[in-house]
Each structure stands twice: as structure tokens, then as C-alpha cells.
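I opened a new model today and kept notes as I went. Two topics were on my list: the ligand and the helix packing.

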Amino acid sequence: MDPVNTEENDQKTDSNDDHLPALIQNDVLKERLQDWDELEKDFLQLELDHEQYKKKLDEVKSLQKKCLEGIAHQRYNMKKITDALQSVRNPSTHEQGAISSLQGKILKRKTAFRDFEDHLPHTNGLYLSIILGQVNISLLNKEDKYLYKQDYERFKLTLSYIILAFSLVLVLTNYIASLSSLRFADSVLHFLLVWYYCTLTIREQILIVNGSRIKGWWLLHHFVSTACSAITLIWPDGYSYREFRTQYGWFILYVAFVQVLQYYYQKGCLYRLKCLGQRHDMDITVEGFMSWMFKGLAFLLPFLFIAYLFQLYNAVVLFMLSRDPQCTEWQVLVLSVIHLVLFAGNMSTTLRVIRQKLSDDLKKKMKFLKHKYRFSNSKPKQI
Ligand code: COA
């Protein structure tokens with residue numbers, strides 16, 4: 001349609017509209033026209049508000065840029081100061097005092113920057129840039145971060161229950177049905193696992209961008225688990241698959257069960273961290289949090305170690321199977337290596353986590369963690 005003509009038509013319609021009320025007799029129509037006039041007034045105000053909103057958004061963007069540049073500038077100069085302090089040779093007692101005091105100030109400033117950054121946008125890492133592009137996934141306040149983390153844990157719980165129920169049915173029916181008829185159902189479970197671990201990797205990257213302290217191994221663990229499930233999915237139905245099938249079914253079931261236990265531990269920690277952040281109704285202390293965490297860990301760790309030993313056992317059984325003359329599939333040896341890697345990574349990381357938690361460092365870290373979910377308003381909204 002010609003735009004000039006459209007404009008002319010609009011103007012004509014407007015001028016016709018001005019004479020309309022006088023000509024209209026119908027009461028209902030008259031009322032509706034009056035309603036429309038009211039709406040017009042509201043719309044003008046809405047237009048003004050929207051203009052103001054756009055202006056404020058631009059202001060916020062330029063303020064964000066200014067703050068990010070300011071932090072980068074401060075960090076750069078602080079690094080130069082730290083390097084210079086380290087190069088001071090044989091300082092006197094007074095000089096040593098000045099150096100310690102400056103180092104203390106620098107440490108405080110670093111904590112302040114972390115707090116500032118909680119409210120500033122972050123750049124996506126390589127993985128997220130490839131998957132999502134440069135869409136902004138920064139959560140700009142602690143309440144949103146808390147809710148996203150809670151949602152991530154709930155997602156894991158729901159999928160763990162589904163996987164648990166599915167694998168239980170498959171393991172039990174294995175004892176009563178012919179194996180070949182179940183391969184299709186197995187594939188559905190393996191596909192579900194591929195999708196689940198893949199989704200976890202994306203959600204975890206978003207958590208990391210927003211300040212989560214998830215250890216690198218757990219991220220890698222979910223990438224490796226995706227590969228593990230994908231390889232199992234394409235493992236042809238044959239002698240080796242049938243030999244390993246029941247054991248693997250029990251393993252999936254057990255891991256899903258442990259993940260349900262992990263959920264209750266993580267949920268407890270998250271809830272207590274939130275309570276620690278509440279300024280007014282402090283019904284939990286740092287000591288209370290730590291004591292609960294150690295009790296939770298003491299309960300969870302035996303189940304985790306059994307899962308790791310199960311992984312080692314899987315690796316050994318798969319390795320033996322790969323040496324069987326009847327086994328022709330490459331998947332068997334590769335899966336054996338993957339289970340061994342998962343065992344080694346899980347075991348060493350969990351032991352490292354325990355050592356860290358038992359060291360004095362934790363008390364120092366708690367100072368920072370106390371503010372992790374301190375919302376600006378004292379009463380966070382509930383989900
Ligand atoms: N997956 C995802 N996130 C994890 C995680 C995991 N396995 N383990 C810890 N995190 C997160 C925590 O929620 C916390 O996040 P936050 O910074 O957003 O608050 C952060 O990493 C730091 O946690 P940390 O203090 O190091 O450990 P924790 O006390 O939360 O948990 C374990 C310790 C050992 C209980 C936990 O790592 C775990 O359950 N590991 C076993 C996982 C596993 O092996 N699964 C497969 C076999 S069953």
C-alpha cells in the first residue's frame with residue numbers, strides 16, 4: 001500500500017471522526033466513543049511513560065558501561081600496586097605495617113567489586129555464545145539469582161524422579177520380558193539422559209556467568225555424562241549390550257536416587273544461605289549453617305562414594321567385556337574409559353571439597369557467602 005495514501009486516508013478518517021458524535025443517535029455507540037476518548041487520554045500518558053522508560057534504559061546502559069570500565073580501571077591499578085608491594089625489599093617495621101594495611105584495603109576492595117558485579121551485566125562464555133549468541137543472560141539482582149538457582153535444583157529433582165521411575169520399570173521388566181523387545185524403551189531413557197545432561201550444561205553455564213562457584217569438574221562431568229549417554233544410545237543391541245544392560249539399569253537408577261538426596265542437601269544449603277543474608281530476621285548463624293552443612297555432608301557422602309565405586313565397577317566389567325571374543329562393538333571399550341574417568345574425577349573432586357571444607361578457609365569464605373543472597377528488600381518473594 002502507498003504510505004502517502006495511507007496517511008491521507010488516516011487524516012480523512014480523523015476529520016470525519018470529529019463530526020461523528022453529533023450525528024450519532026445510538027446511546028451504546030455514544031458511550032463507547034466516550035470510553036475511547038478516555039482511553040486516548042490514558043494512551044498519551046502511556047506514550048510519555050514509555051518515552052521516559054526508554055530514556056532511563058539508555059541511562060542505565062551508559063551507567064553500566066561506566067561502572068564496568070571503572071572496575072576494570074581500579075583492578076588494573078590495584079594489580080600494579082600489589083606487584084609493587086611485593087617487590088619492596090627488606091621493609092622496616094613501619095613499612096611492613098603500611099604494606100599489611102594496604103593489602104587489607106585491597107582485599108576489602110576486591111570483595112566490594114564482587115558485590116558491585118552482582119548488579120552488572122556479564123559477558124557470556126564461549127559455550128553460551130555458541131549456543132545462545134550474544135543474548136544477555138545476566139541476572140542483575142540477588143533475588144533473581146536465588147530464584148534461578150532454586151529453579152535449577154528443582155529441574156534436577158523433577159528429572160531425577162522421572163529417570164528413577166523409568167529405569168526402575170525397565171530394570172524390573174527386564175526380569176519378566178524378552179530383552180530384545182525393551183531396546184526401544186532403553187533408547188528412550190538414554191535419549192532422555194542425553195537431553196537432561198545437555199540442558200544441565202547450559203543451565204550451569206548461566207549459573208556460572210551469574211556468580212555461582214560450581215567446580216569445573218562438575219561442569220565437565222555433565223559434558224562427559226552427555227557423551228556417555230549418547231554412546232550408550234547408539235550401542236547396537238547385541239551380545240555385549242545385553243550382558244551389561246541390567247547392571248547399567250541399576251546404575252542409572254541408583255544415580256537418580258543419589259541425585260534426589262543431593263537435591264535435599266543443596267536445597268538446605270541454599271535456604272540457609274538466604275536466611276544468613278536476611279538483615280532483620282536472623283534466625284540462623286554462620287556456625288549454625290556450617291554445622292547443618294557438615295551433618296548433611298556426613299549423611300550424603302556414603303551414598304556418593306557407593307556411586308563412585310559403582311562407576312569403577314562399571315569400568316572394570318566393560319573392560320572385561322571388551323576383551324570377550326563375542327564383543328565386536330567399539331562402544332564397550334570407550335564406555336569403560338569414560339566410566340573410569342568419571343570415577344577418578346568424582347572421587348578426587350569430592351575429596352578436595354571435603355578437605356577445603358575442613359580447612360580454616362571456609363570460615364573466611366563464609367564472610368563472603370553471608371552476603372551471597374542478601375536481597376535489597378528484607379523480605380524476598382516466595383516461589
Ligand atoms: N552440580 C552442580 N552444582 C554443584 C555441584 C554439582 N555436583 N556440587 C556443588 N555445586 C554447587 C553448589 O550448589 C554451590 O553453588 P553456588 O555457588 O551457586 O551456591 C557451589 O557449587 C559450591 O559448592 P561447594 O561448597 O563446593 O559444595 P557443596 O557443599 O554444595 O556440595 C558435594 C558438595 C560433594 C555434596 C557436591 O559437590 C556433590 O553432590 N557432588 C557429587 C555430584 C556427583 O558426583 N554426581 C554424580 C554421581 S551421583
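My entries on the ligand come before those on the helices.

**Entry 1: the model.** I noted at the start that this is a predicted model.

**Entry 2: around the ligand.** I asked which residues come nearest to the ligand. I found Lys149, Ser212, Arg213, Tyr265 and Lys357, out of 23 residues around the ligand. I then sorted the shell by class. It has 11 nonpolar, 5 polar and 7 charged residues.

**Entry 3: where the shell comes from.** I looked up which helices supply the shell around the ligand. H5 (142–174), H7, H8 (239–277), H9 (286–322) and H10 (331–358) each give at least two residues. H9 has the largest share, with 5 residues.

**Entry 4: polar atoms at the ligand.** I checked three side chains for N or O atoms by the ligand. In Tyr265, such an atom is 2.6 Å from an oxygen atom of the ligand. Tyr265 is also listed among the residues that come nearest. In Tyr308, the distance to a ligand oxygen atom is 3.1 Å. In Gln262, the partner is a nitrogen atom of the ligand, at 3.5 Å. I also asked how much of the ligand the protein covers. On its own, the ligand has 890 Å² of accessible area, and the protein covers 95% of that.

**Entry 5: how I describe packing.** I turned to pairs of helices. Two packed helices are described by the angle between their axes and the distance between the axes.

**Entry 6: H5 and H6.** I began with the axes of H5 and H6. They come within 11 Å and cross at roughly 165°. The cut-off for roughly antiparallel is an angle over 145 degrees, so H5 is roughly antiparallel to H6. H5 passes H6 in a left-handed crossing. I counted the contact by class: 18 nonpolar, 3 polar and 6 charged residues.

**Entry 7: H6 and H7.** I moved on to H6 (residues 183–209) and H7 (residues 216–233). Their axes are 8 Å apart, and the angle is about 160°. That makes H6 roughly antiparallel to H7. The crossing of this pair is left-handed. The residues of the contact divide into 12 nonpolar, 9 polar and 2 charged.

**Entry 8: H7 and H10.** What angle do H7 and H10 make where they pack? I read about 160°, with the axes 10 Å apart. H7 is therefore roughly antiparallel to H10. Their crossing is left-handed. I looped back to the ligand here, as H7 and H10 each supply at least two residues of its shell.

Notes:
Residues numbered from 1 in each chain as written. Predicted model: local features only at pLDDT ≥ 70, side-chain atom pairs only at ≥ 80, totals over all residues. Heavy atoms only, no water. Axes fitted to C-alpha atoms, helices over the stretch in contact; angles between N-to-C directions. Helix = DSSP H or I, 4+ residues; strand = E, 2+ residues; numbered from the N terminus. Parallel < 35°, antiparallel > 145°, perpendicular 65-115°, else oblique. Left-handed = near helix turned anticlockwise from the far one by under 90°. Nonpolar A, V, L, I, M, F, W, Y, C, P; charged D, E, K, R; others polar. Near = heavy atom within 4 Å. Polar contact = N/O pair within 3.5 Å; in protein donor to acceptor, adjacent residues only side chain to side chain. Areas by Shrake-Rupley, 256 points an atom, 1.4 Å probe, with all protein chains shown as cover.
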